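Reader: Hello! I am new to reading protein structures and would love a close look at one part, explained step by step. Could you take me through how some helices pack against each other?

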Amino acid sequence: DAEGLLRIKEENQKHYRRAQRHQEKKEKIQKHNRKLGELVEKKTYDLKTQYEHLANLRRSHILELTSVIFPIEEVKTSMRDPADVSSESDNAMTSSTVSKLAEARRTTYLSGRWVCDDHNGDTSISITGPWITLPNNGDYSAYYNWVEEKKTTQGPDMEHNNPAHTISAALCYATQLVNTLSLILDVNLPKKLCNRQVNASHEFCGENLSRHRFTRAVKKLNANILHLCFSQHVNLDLLHPLHTLRNLMYLVSPDSENLGR
């Protein structure tokens, strides 16, 4: 029994020494974890600072790009409300007729259906200059109507006065701006649109597009613009799926707090 007790005591001493070594290892690991935690916290703060610096750089590049090369502005038109004109010509007009005229003015027939457009007739959005604009309501039917008419009409060429070329140029510049913004913001676009004239697959500034190809390209451009707006947390209440340049204007606005994130 005495010998057995001695062996048990020796084993207990070995376990005790082993427990001490494990405790020392545990303390070393905890100390190492604290150092790693402090390092990770410092690196996280540095990374956040770098992200903010990168966002400011992106923001400054975008604002310089859209102020020097691709300025986007709202162009006012001097159209009077038909309700006002009619009420001046007929003092006996009822209030219901005035309201119906005002409602009709805010409605546009687009792609076979009537859509509401609060800005219809008031403004248009220009890019690179006040002479290159897009209809505010997203109705680009003047382009494919001109293409279809050109196929059947053999008359004098008045292309320099054609609004279809203005639409084509504005959409071309918008595509070029969107592709550049995706590079600056490091955001992959969901739809591929080419903006090089030397490429035969260029969407807007090459050959005349059919109505199907044109509307398909416009939908792809609008989808890319909305994707960029979502990535930069643009207020969703301001966006409309058909307002190409207006959505771009909200995206690159200097008042956008999250631009460059």
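**A close look at helix H7 and its partners**

Author: Happy to! From the N terminus on, the elements of the protein chain run α-β-α-α-β-β-β-β-α-α-α-α. Please keep in mind that this is a predicted model. In total, the chain has seven helices and five strands. Of its 261 residues, 34% are buried. Among the contacts with a separation of 6 or more, 64% join residues that lie 24 or more positions apart. The accessible surface comes to about 17400 Å², and carbon and sulfur atoms hold 52% of that.

Now to the helices themselves. Two packed helices are described by the angle between their axes and the distance between the axes. Let us begin with helix H6, residues 211–231, and helix H7, residues 244–251. Their axes come within 10 Å and cross at roughly 20°. Because angles under 35 degrees count as roughly parallel, H6 is roughly parallel to H7. The crossing of this pair is left-handed.

Which residues meet here? On the H6 side you will find Leu221, Asn222, Ile225, Leu226, Leu228 and Cys229, and on the H7 side Thr244, Asn247, Leu248 and Leu251. Sorted by class, the residues of this contact are seven nonpolar, three polar and no charged.

H7 has another partner, helix H5, which spans residues 163–185. H5 and H7 pack at an angle of about 35°, and their axes are 11 Å apart. Here, too, H5 passes H7 in a left-handed crossing. From H5, the residues Leu171, Ala174, Leu177, Val178 and Leu181 meet Thr244, Leu245, Leu248 and Leu251 of H7. This contact has eight nonpolar residues, one polar and no charged. If you put the lists side by side, Thr244, Leu248 and Leu251 of H7 appear in the contact with H6 and again in the contact with H5.

Next, follow H6 to residues 230 and 231. Phenylalanine 230 lies in helix H6, and its relative accessibility of 45% makes it partly exposed. Leaving aside neighbours within four places in sequence, phenylalanine 230 is in contact with Leu236 and Leu239. There is also a link back to H7 to look for on your screen: the C-alpha atoms of phenylalanine 230 and leucine 251 are separated by 9.2 Å, although these residues are 21 apart along the chain.

Serine 231 is found in helix H6 as well. Is serine 231 buried or exposed? Its relative accessible area is 17%, so serine 231 is buried, given that the cut-off for buried is under 20%. Beyond its neighbours within four places in sequence, serine 231 is in contact with Val187 and Arg261.

Finally, have a look at the backbone in two loops. Most residues other than glycine have a negative phi. Aspartate 186, in the loop between H5 and H6, has a positive phi of about 60° although it is not a glycine. Aspartate 186 is exposed, with a relative accessible area of 60%. Threonine 128 also has a positive phi, near 70°, and you will find threonine 128 in the loop between strand E4 (123–127) and strand E5 (133–135).

Notes:
Residues are numbered from 1 along each chain as its sequence is written. This is a predicted model: local features need pLDDT of at least 70, side-chain atom pairs count only at pLDDT 80 or more; totals for chains, interfaces and linings use all residues. Side-chain values use heavy atoms; hydrogens and water are left out. Axes are lines fitted to C-alpha atoms, for helices over the stretch in contact, and angles run from 0 to 180 degrees between N-to-C directions. Helices (H or I, at least four residues) and strands (E, at least two) are DSSP runs, numbered from the N terminus. Angles under 35 degrees count as roughly parallel, over 145 as roughly antiparallel, 65 to 115 as roughly perpendicular and the rest as oblique. A crossing is left-handed if the near helix is turned anticlockwise from the far one by less than a right angle, and right-handed if clockwise. Contact means heavy atoms within 4.5 Å. Ala, Val, Leu, Ile, Met, Phe, Trp, Tyr, Cys and Pro count as nonpolar, Asp, Glu, Lys and Arg as charged, and the others, Gly among them, as polar. Buried means under 20% relative accessible area, exposed over 50%, partly exposed in between (1.4 Å probe, protein chains only). Accessible areas come from the Shrake-Rupley method with a 1.4 Å probe; for residues, only the protein chains shown count as cover.
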